[in-house]
Amino acid sequence: MNKKIAVLSGDGIGPEVIAQAIKVLDAVAQKFNHQFEYTNALAGAIAIDKTGNPMPDETLQVCLESDAILFGAIGDPKYDNDPNAKVRPEQGLLKIRKEMGLFCNIRPVTTYESLIGKSPLKEERIKGADLVVYRELTGGIYFGEKGRKGDGSVAFDNCEYSVGEIERIAKLAFEAAQARRKKLTLVDKANVLETSRLWRDVVKKMASQYPDVEVDFLFVDNAAMQMIVAPTQFDVILTENMFGDIISDEASVITGSLGLLASASIGAKTAMFEPCHGSYPQAAGKNIANPAATILSAAMMLDYFKLFDEANLIREAVQNGIDKGLSTIDINPENPLSTTAVGDIVANYIAESVVTA
Ligand code: IPM
Ligand code: MN
């Protein structure tokens with residue numbers, strides 16, 4: 001198979017973790033006889049430094065001409081303490097989501113048997129937790145009208161959703177539930193928000209088309225608590241943009257490290273794959289960051305290409321390394337390996353595996 005991949009490494013540890021994902025993709029290409037063609041493009045703070053724009057048109061063009069986008073991380077502390085900064089790296093991420101129509105953000109959260117003690121949550125509570133958050137990514141309060149009123153002492157952020165925006169992600173979430181443990185939980189705030197009431201109406205109507213899926217509804221405040229108290233109750237969580245942002249960071253605690261969480265952002269025409277973690281500037285250039293989240297995001301990209309055996313082999317290779325204690329400092333502080341060493345271990349596992357066609 002021949003695929004064109006846009007590579008947006010971004011800032012901080014982005015380039016280091018992306019390099020490991022590409023190393024692993026190359027091992028897969030070699031093993032299974034695929035051609036992956038990479039085109040690098042600028043995004044984030046580095047793009048601001050070079051062009052003044054966190055998501056230059058040229059980058060969007062490269063993405064449009066590719067089959068998928070592999071994304072590292074963006075963000076730089078020099079913007080964090082300046083709420084009035086006119087351009088910010090994060091705007092680049094919001095822009096690519098909107099421009100590429102990446103409406104469905106998928107964040108799987110699983111537990112690794114050998115890491116169960118690494119989570120700050122009690123072992124008996126998280127054992128067996130296996131859930132996936134379907135977060136709406138191009139609507140809601142993130143993209144509504146925003147501004148200041150009067151002399152500037154009043155600010156507003158508008159939250160809007162249409163039936164169509166809800167239906168298209170709900171369809172993917174229902175289908176995911178059908179392929180998993182057949183449970184879908186809509187997380188909302190329907191006791192207060194009109195947009196949440198629309199989400200409930202739409203999901204209730206759609207539920208009859210998926211009779212094998214059990215649907216339940218949770219207010220987001222309760223869901224935040226349930227996530228910590230009893231995470232094994234969840235299978236597919238469907239939610240709007242901001243609730244999904246918050247709940248997915250919270251859910252990451254179950255796995256034991258944010259350095260393990262992958263994500264996919266799916267649109268009608270293309271899709272983007274990126275680790276859930278940020279640019280971790282303190283670790284940049286030190287070769288210590290965990291590349292697993294990015295490598296696992298590359299596996300999700302191969303799923304999107306319908307290369308399921310290849311994707312599963314990557315996941316097996318990552319799991320094998322974790323189980324043998326061959327990990328970076330975030331989960332292996334006693335005997336930490338470097339970013340590149342973890343990438344090598346995963347790539348070598350793939351190179352040495354016996355593939356039965
Ligand atoms: C995420 C991030 C982004 C978001 C920021 C960086 C704009 O937190 O991908 O979850 O809020 O969506
Ligand atoms: Mn977030």
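User: Two strands count as paired once DSSP finds at least two bridges between them. In this predicted model, over how many bridges do S1 and S3 pair?

Analyst: Strand S1 covers residues 2–10 and strand S3 covers residues 68–73. One spot to look at is Leu8, which stands opposite Phe71 in S3. The two strands pair in the parallel sense, and the number of bridges is 5.

User: Staying with S3, which residue of S12 stands opposite Leu70?

Analyst: S3 also pairs with strand S12, residues 271–275, again in the parallel sense, over 2 bridges. Counting neighbours, 6 of the 6 residues of S3 are buried, so the strand is mostly covered. Opposite Leu70, in S12, you'll find Phe273.

User: Zooming out, which strands stand at the edges of the sheet?

Analyst: The sheet is open, has mixed pairing and is built from 10 strands in the order S2-S1-S3-S12-S11-S4-S5-S10-S8-S9. On average, neighbouring strands are turned by 25° against each other, ignoring direction. An edge strand has a single partner, so one of its sides is left without a neighbour in the sheet. That description fits strand S2 (35–40) and strand S9 (214–219).

User: Is S5 largely enclosed or open, and how many of its residues are buried?

Analyst: S5 spans residues 130–136 and has partners in S4 and S10: 7 bridges join S4 to S5 in the antiparallel sense, while 4 bridges join S5 to S10 in the parallel sense. Thr110 has Asp130 of S5 as its bridge partner, and Val132 stands opposite Val236 in S10. A residue is buried with 20 or more other C-beta atoms within 10 Å of its own. S5 is largely enclosed by the rest of the structure, because the buried count among its 7 residues is 6.

User: What angle does H9 make with S9?

Analyst: Start with S8, residues 183–188, joined by 4 bridges to S10, residues 236–239, with the two running parallel; Thr185 stands opposite Ile237 there. Helix H9, residues 220–229, packs on the sheet and touches S8 and S9. Its direction and that of S9 make an angle of about 105°.

User: UniProt has a "binding site" at Asp221, Asp245 and Asp249. What is the largest C-alpha distance among them?

Analyst: Those positions come from an unreviewed UniProt entry. Asp221 sits in helix H9, and Asp245 in helix H10, residues 241–255. They're spread over 29 residues of sequence yet cluster in space, with the largest C-alpha distance being 14.4 Å.

User: Does Asp245 count as exposed, partly exposed or buried?

Analyst: Exposed needs 12 or fewer C-beta neighbours within 10 Å, and buried needs 20 or more. Asp221, with 12, counts as exposed. Asp245 has 19 neighbours, so the label is partly exposed.

User: And the domains: which element gives the largest share of the side of domain 1 that touches domain 2?

Analyst: Domain 1 is assigned as 1–115 + 258–357 and domain 2 as 120–255, with their C-alpha centres 24 Å apart. The contact takes 20 residues from domain 1 and 25 from domain 2. On the domain 1 side, helix H5 (89–99), strand S4 (104–110) and strand S11 (262–266) each give two or more residues. The largest share, 7 residues, comes from S4.

User: By class, how many nonpolar residues does that side of domain 1 have?

Analyst: The side of domain 1 that touches domain 2 has 3 charged and 5 polar residues. The nonpolar count is 12.

Note on methods
Residues are numbered from 1 along each chain as its sequence is written. Chains are lettered from A and ligands numbered from 1 in the order in which they are written. This is a predicted model: local features need pLDDT of at least 70, side-chain atom pairs count only at pLDDT 80 or more; totals for chains, interfaces and linings use all residues. Domain bounds come from an automatic or database domain assignment. Two residues are in contact if their C-beta atoms, placed from the backbone, lie within 7 Å. Ala, Val, Leu, Ile, Met, Phe, Trp, Tyr, Cys and Pro count as nonpolar, Asp, Glu, Lys and Arg as charged, and the others, Gly among them, as polar. Axes are lines fitted to C-alpha atoms, for helices over the stretch in contact, and angles run from 0 to 180 degrees between N-to-C directions. UniProt positions are given in the numbering used here, feature names are shortened, and annotations may be inferred rather than shown by experiment.
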